[in-house]
Amino acid sequence: MFDVWKNVLAQIEKEIPSSASFYTTFEFFKRKLFQFGIKNTQLNSSLSGVLSTAIITIITNPLEVLRTRIQVYFFSKNANHNYKGVAKGIYKIAQKEGVKGLSAGIIPVFLKKGTNSIIVWTLYDTLKKKV
C-alpha cells in the first residue's frame, strides 16, 4: 500500500522549485519583453510563458525522468529502475546513460507544458487586464 506513495518525494522535490522558478522567470520575461517593445498582452504573455517553460523543463526534466522510472519500477519491478532516493537516482541515471538518459522525453514534456502555458497565461493576463 505505501509503495504507491514512493515517488511522492521526487514529485514534491520537482514541483516546488519548478513552480516558484516558473513564476519568477515568467515575470522576468514579461518585463524584459515589454522593455524590448512587445507591448501586446497576448504576445508578451505567450512568449514569456514559452520561454519560462523551456527553462524550467530543461532544469527539472531529470526529476521528471526519475519520477517516471520510479512509477515504472513500482508496476514492473524492473531492477534497472530501483532507485534509493532522489540524488542517488539522478546520479545512477547520469552514470549509466549520461545526458541522453536525463533528458529523455523532454520534447513531449515541453510541448505539453508549453502549450498549456501559452493558453493559461495569455488568458490569465488578458482577463486580468480587463477586470
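# Exercises on a four-helix chain

Of the 131 residues in the chain, 36% are buried. The model is predicted.

## Exercise 1. The overall layout

Task: state how many helices and strands the chain has, and in what pattern they follow one another.

Solution.
Step 1. Count the elements: the chain has four helices and zero strands.
Step 2. Read along the sequence, and the pattern is α-α-α-α.
Step 3. Turn to the contacts between residues at least 6 apart in sequence: 69% of them join residues at least 24 apart.
Step 4. Look at the surface: the chain exposes about 8600 Å², and carbon and sulfur atoms supply 70% of that area.

## Exercise 2. The span of helix α4

Task: work out what span helix α4 should have at 1.5 Å a residue, and set it beside the distance between its end C-alpha atoms.

Solution.
Step 1. Helix α4 covers residues 106–130, which is 25 residues.
Step 2. The expected span is 1.5 Å times one less than the number of residues, so helix α4 should span 36 Å.
Step 3. In the model the end C-alpha atoms of α4 are 35 Å apart, which agrees with the expected span.
Step 4. List the buried residues of α4: V109, G114, S117, W121, T122, D125 and T126.

## Exercise 3. W121 and its aromatic partners

Task: describe how the ring of W121 is placed against the rings of F22 and Y23.

Solution.
Step 1. A pair of aromatic rings is described by the distance of the centres and the angle of the planes.
Step 2. The count for the chain comes to seven aromatic pairs. One of them is formed by F22 and W121, with 5.9 Å from centre to centre and 35° between the planes. Planes under 30 degrees apart count as stacked and those over 60 as edge-to-face, so this pair is tilted.
Step 3. F22 belongs to helix α1 (residues 8–36) and W121 to helix α4, so the pair ties together parts that are 99 residues apart in sequence.
Step 4. Both F22 and W121 are buried.
Step 5. For Y23 and W121, the ring centres are 5.7 Å apart and the planes stand at 75°, so this pair is edge-to-face. Y23 in helix α1 and W121 in helix α4 are 98 residues apart, and their pair links distant parts of the chain.
Step 6. Compare exposure using the cut-off of 20% for buried. W121 has 17% relative accessibility and counts as buried, whereas Y23 is partly exposed, with a relative accessible area of 45%.
Step 7. Put the residues together: F22, Y23, F26, W121 and Y124 form one aromatic cluster.

## Exercise 4. The largest nonpolar core

Task: name the residues of the largest nonpolar core and the helices that each supply at least two of them.

Solution.
Step 1. The core has nine residues: L63, V65, L66, I70, Y83, V86, I90, I93 and L102.
Step 2. At least two residues come from each of α2 (41–76) and α3 (86–102).
Step 3. Relate this to a general tendency: in soluble globular proteins, nonpolar side chains tend to be buried together.
Step 4. Follow one core member, Y83. Leaving out residues up to four places away in sequence, Y83 touches L66, R69, I70, G89, K92 and I93.
Step 5. Add Y73, which is found in helix α2 and counts as buried at 17% relative accessibility. Y73 and Y83 are ten residues apart along the chain, and their C-alpha atoms are separated by 8.9 Å.

## Exercise 5. Three residues in helices α2 and α4

Task: decide whether N44, A54 and N116 are buried, partly exposed or exposed.

Solution.
Step 1. Recall the cut-offs: buried is under 20%, exposed is over 50%, and partly exposed lies in between.
Step 2. N44 is found in helix α2. Its relative accessibility is 6%, so N44 counts as buried. Apart from residues up to four places away in sequence, N44 touches K30, L33, F34 and I38. One of these, F34, has K39 over its face, at 4.2 Å from the ring centre.
Step 3. A54 is also in helix α2. At 25% relative accessibility, A54 counts as partly exposed. A54 and V109 are 55 residues apart in sequence, and 9.7 Å separates their C-alpha atoms.
Step 4. N116 lies in helix α4. With 46% relative accessibility, N116 counts as partly exposed. N116 and T53 are 63 residues apart along the chain, with their C-alpha atoms 9.5 Å apart.

Conventions:
Residues numbered from 1 in each chain as written. Predicted model: local features only at pLDDT ≥ 70, side-chain atom pairs only at ≥ 80, totals over all residues. Heavy atoms only, no water. Buried < 20%, exposed > 50% of the residue type's maximum accessible area, 1.4 Å probe, protein only. Contact = heavy atoms within 4.5 Å. Areas by Shrake-Rupley, 256 points an atom, 1.4 Å probe, with all protein chains shown as cover. Phe/Tyr/Trp six-rings, centres within 6.5 Å; stacked < 30°, edge-to-face > 60°. Lys NZ or Arg CZ within 6 Å of the ring centre and 35° of its normal. Core = buried A, V, L, I, M, F, W, Y, C linked by side-chain atoms within 4.5 Å.
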